[in-house]
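Trainee: I am new to this structure and would like a close look at its pockets, and at the charged pairs that go with them. Could you take me through that part slowly, in one connected account?

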Amino acid sequence: MREAFGAGFDVQPGYLNTASIGVPPRHVADAVMASHERWRRGEDTSSTFNDAVETSREAFGRVVGVPAASVACGATVSQFVSLVAQSLPAGSKIYVDPGDFTSVTLPFVAAGHRIVSTVDECDLVALSVVQSSDGRIADLEALEASGKPVLLDVSQAAGWMPLSLAWADFVVGVAYKWLMAPRGAAWMAVRPDRMDFLKPLAANWYSTGENYGTELVLRSDARRFDLSPTWSSHVGAAVALPWVASLDLESVRAHCVGLTDRLLTGLGLPPNGSAIVSIGMPPVQGVVSSVRAGRTRYACHLYNTIEDVDRVLEALT
């Protein structure tokens, strides 16, 4: 077991793959296992999980810097990006990073919008705060100063990078990477003045509070965009996200970037200031990593150590 930032982890040595799947602290995994035991014994009802959903909603808001009333709960980033894409006027012009993850880009293509090459000519910027393939970090100050409507995906940022994104129109993110919760939970923060812009395309019993009938009565806040939650995912998120939100994320960033800097400089490469790095060398045996865009991707989180990074350096130098 490893200890990191006050929590215990059962992660194996050489795991450098958080950009694909985050490893939970013991207390998060224990909460999910206990929930499964209650399920096995038939001890839950649907209302059992309401507190977990609201706890994870509020904690995601703290992680990205918005109030809970601005946060909708769902299952995937692509679901929320599609909601924005389908609410835009037909033929809107969207600026995306050409190398961005398809959950950010393809919903706009599927909706028939135009992908443009500059921010100046766009109606909306849709961008990952940290790029999945190589760890590049968006210039958030420039985006805010541009005055353009912005959708930000924090899936590769939230959990290791301090964020204050109340200025953004929409902020989406998932649970199962740097936030170290089970897959099946995602969130979207909607700036209050943008609530009425979005169409509640997936209106359901959870987003309205109505189990039967045909009358659409929307909730007054971002819960109008909720999906019925994946229960066990929110059980884990309700433990993981408040813990993450309580951490000194500047210290977490310094820890993660210190490890990636060690890896890059050890290979004679310049640091990139990110928790994710991409290297044009083959994967290393005994190290868990991913291959993205033809390059080996390593990701260092708060549970990683110098020894994990040195496994890569010893094999490649």
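Mentor: In this predicted model, the largest pocket holds about 320 Å³ of space. Its lining is made up of 21 residues, and those that lie nearest its centre are F101, S103, V174, Y176 and K177. Sorted by class, the lining of this largest pocket comprises seven nonpolar, nine polar and five charged residues.

The second largest pocket, with about 150 Å³ of space, can be followed residue by residue, since its lining consists of D97, V119, L127, S128, Q131, R136, I137, A138, D139, A142, L143 and S146. Two elements, β6 (124-128) and α5 (140-146), each contribute at least two residues to this lining, and α5 gives the most, with three residues. Divided by class, the lining of the second largest pocket has six nonpolar, three polar and three charged residues.

Among the residues lining the second largest pocket are D97 and R136, and these two form a salt bridge in which the closest N and O atoms are 3.0 Å apart. D97 lies in the loop between β4 (93-96) and α4, while R136 lies in the loop between β6 and α5, so the pair ties together parts that are 39 residues apart in sequence. The two partners are not covered to an equal degree: D97 has a relative accessible area of 13%, which falls under the 20% limit and therefore makes it buried, whereas R136, with a relative accessible area of 39%, is partly exposed.

From this pair we can turn to the salt bridges of the model as a whole, whose count comes to 18. In general, side chains of opposite charge can pair when their charged atoms come close. One of these salt bridges joins the side chains of R57 and D226, with 2.8 Å from N to O. R57 sits in helix α2 (residues 50-64) and D226 in the loop between α6 (205-208) and α7 (231-246), so this pair ties together parts that are 169 residues apart in sequence. Both R57 and D226 are buried.

Helix α2 also contains a pair of another kind, for the side chains of R62 and E58 meet in a salt bridge at 3.1 Å, again taken from N to O. R62 and E58 are four residues apart in helix α2, which means that about one helical turn separates them. Here R62 is partly exposed, with a relative accessible area of 44%, and E58, at 32% relative accessibility, counts as partly exposed too. Salt bridges can also link several residues, as with E37, R40, R41 and E43, which are connected in a network.

A last feature to look at is on the surface, where L106, V109 and I115 form a nonpolar patch with about 250 Å² of accessible area together. Of these residues, L106 has its place in helix α4 (residues 102-110), and its relative accessibility of 45% is why L106 counts as partly exposed.

To return to your starting point, the pocket of about 150 Å³ is where the two topics meet, because D97 and R136 both belong to its lining and are also joined to each other by a salt bridge.

Conventions. Residues are numbered from 1 along each chain as its sequence is written. This is a predicted model: local features need pLDDT of at least 70, side-chain atom pairs count only at pLDDT 80 or more; totals for chains, interfaces and linings use all residues. Side-chain values use heavy atoms; hydrogens and water are left out. On a 1 Å grid over the protein atoms alone, a cavity is a set of points where a 1.4 Å probe fits but cannot get out, and a pocket is an open set with protein on both sides within 12 Å along at least five of seven lines; lining residues have an atom within 4 Å of a point. Grid points are joined across faces, edges and corners, and a volume is the space filled by probe spheres set on the points. Ala, Val, Leu, Ile, Met, Phe, Trp, Tyr, Cys and Pro count as nonpolar, Asp, Glu, Lys and Arg as charged, and the others, Gly among them, as polar. Patches are made of residues with over 30% relative accessible area and no salt bridge: like charges are joined within 9 Å, nonpolar side chains (Val, Leu, Ile, Met, Phe, Trp, Tyr) within 5 Å. Accessible areas come from the Shrake-Rupley method with a 1.4 Å probe; for residues, only the protein chains shown count as cover. A salt bridge is a side-chain nitrogen of Lys or Arg within 4 Å of a carboxyl oxygen of Asp or Glu. Buried means under 20% relative accessible area, exposed over 50%, partly exposed in between (1.4 Å probe, protein chains only).
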